[in-house]
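Biologist: Mind walking me through this one? I'd like to hear how you get to each answer.

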Amino acid sequence: MCKSSRPNDSRPRIAVAGATGRVGSSLIASLVSEPLDLIALSRKPDAESVPSGVALAAVDFDVPSSLDDALRGVDRLFLAHGTSPRQVANEIALIDAAVAAGVGQIVKLSAMGPPSRLHPMDWHMQIEAHLATFDIGYTVLRPSTFVDILARAGGQVADDSWGGAAGEGLVNLIDTRDVADVARAALLDDAHPTAQRAYHLTGPRAVSMPEIAEEISKLLGRTITYQQRSAAEQREKLLAGGLNEFVADLLVGLDRLFHDSAFGETTSTVENLTGNAPRSVAGWLSENISKFRK
Ligand SMILES: NC(=O)c1ccc[n+]([C@@H]2O[C@H](COP(=O)([O-])OP(=O)(O)OC[C@H]3O[C@@H](n4cnc5c(N)ncnc54)[C@H](OP(=O)(O)O)[C@@H]3O)[C@@H](O)[C@H]2O)c1
């Protein structure tokens, strides 16, 4: 299933799983002009978000041969997967198919966080442990929380009901474009084809939810408050708002980690690997402030 140019044997062949997602689409956009053969993996073979010039491989995780077909001849794989109870099984299936196909390097999108029974940290621990059983090159990217989770608060900010159980905890939110830029650097690193490494990726500075409320207030010209709730109150609120238990528990778990400043560290990895300072929360808010207006 192809929407693209012919593969060229002298150029690296890079497959991107999760290509229609936040990080994957940014990565594809930045790789499309490089001298390589790019293949976007998607469950939707007519995915319109894949730019022209990129081959499109349809994958069905329930049909293992579709993974084998998609990865045949691939040199390097970027592995991202949306948050889902299928994540562990699907990522492990892709890793196994990649190893069987002779893929030499995998760049896996994981997540920062403590060893935990909370999703998705526990899932990533299982997938990383599986990856570690293979003697191939891999780079595990462990970003802190993506800044665009704030978009979820847009409607609540607009109607003055934003809040949660994060307290005054610090979180160093990262822009998904910076995660994609690091993935690009890792995929194009020809100097370390067999290296096995893990990078912790953060934004430039940790902030608390009340500080974010102040920043939004400045941009909107009115006072926005982050309403402090207990974890139980927040869970109730999320369920009452129509979220299912899986998503509510995921978000309350995240608040708990924010509360404990589990994503509060600052690393220089984005700048070291890309040459550019990571984008700030204030910058993202300014670009996206329309999401928070009434
Ligand atoms: N959100 C955060 O704050 C954060 C922070 C750190 C790490 N992470 C990690 O980043 C990863 C997500 O990356 P992302 O935000 O770029 O991904 P995303 O936009 O949520 O989704 C990536 C793609 O995964 C594919 N996918 C395949 N099977 C899926 C399934 N069963 N359910 C959902 N999607 C499926 C989808 O592509 P098709 O529909 O085209 O098949 C989707 O576009 C997760 O592993 C998460 O733990 C997230």
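Modeller: Sure. A quick convention before we start: Ala, Val, Leu, Ile, Met, Phe, Trp, Tyr, Cys and Pro count as nonpolar, Asp, Glu, Lys and Arg as charged, and the others, Gly among them, as polar. Also, keep in mind that this is a predicted model.

Biologist: How do the residues of the shell around the ligand divide into nonpolar, polar and charged?

Modeller: There are 24 residues around the ligand, with G21, S42, R43, G82 and S84 coming nearest. By class, the shell holds four charged residues, eleven polar and nine nonpolar.

Biologist: Which helix gives the most to that shell?

Modeller: Look at residues 22-31, which put three residues into the shell. That stretch is helix α1.

Biologist: Which helix gives the most to the largest nonpolar core?

Modeller: The core has 80 residues, and V16, A40, F78 and A183 touch the most other members. The top helix gives six residues and runs over 176-187, so by the DSSP numbering the name is α6.

Biologist: What is A183 in contact with, leaving aside its neighbours within four places in sequence?

Modeller: A183 is itself one of the buried residues of α6. Its contacts beyond that sequence window are V23, L27, F78, V107 and L141.

Biologist: Is α6 largely enclosed or largely open, and how many of its residues are buried?

Modeller: The cut-off is 20 or more other C-beta atoms within 10 Å. Residues of α6 that pass include T176, D178 and L187. The helix is largely enclosed by the rest of the structure, because the buried count out of twelve is ten.

Biologist: How far apart are the end C-alpha atoms of α6?

Modeller: At 1.5 Å a residue, the twelve residues should span 16 Å. The model agrees with that, as the end C-alpha atoms are apart by 16 Å.

Biologist: Is D160 buried, partly exposed or exposed?

Modeller: D160 sits in the loop between α5 and β7, and has a positive phi of about 55° although it is not a glycine. It has 13 other C-beta atoms within 10 Å, so D160 is partly exposed.

Biologist: Which peptide bond is cis, with omega near 5°?

Modeller: Go to the loop between β5 and α4, where P120 is found. The cis bond is the one from H119 to P120.

Biologist: Where does pLDDT stay under 50?

Modeller: The protein averages a pLDDT of 95, and 97% of the residues score at least 70. Where pLDDT is low, the predicted coordinates should not be read in detail. Here the stretch under 50 is residues 1-6.

How values were computed
Residues are numbered from 1 along each chain as its sequence is written. This is a predicted model: local features need pLDDT of at least 70, side-chain atom pairs count only at pLDDT 80 or more; totals for chains, interfaces and linings use all residues. A residue is near a molecule or strand if its C-beta atom, placed from the backbone, lies within 6 Å of it. Helices (H or I, at least four residues) and strands (E, at least two) are DSSP runs, numbered from the N terminus. A nonpolar core is a set of buried Ala, Val, Leu, Ile, Met, Phe, Trp, Tyr and Cys residues joined through C-beta atoms within 7 Å. Two residues are in contact if their C-beta atoms, placed from the backbone, lie within 7 Å. The expected span of a helix is 1.5 Å times one less than its number of residues. pLDDT is the predictor's confidence in each residue, from 0 to 100.
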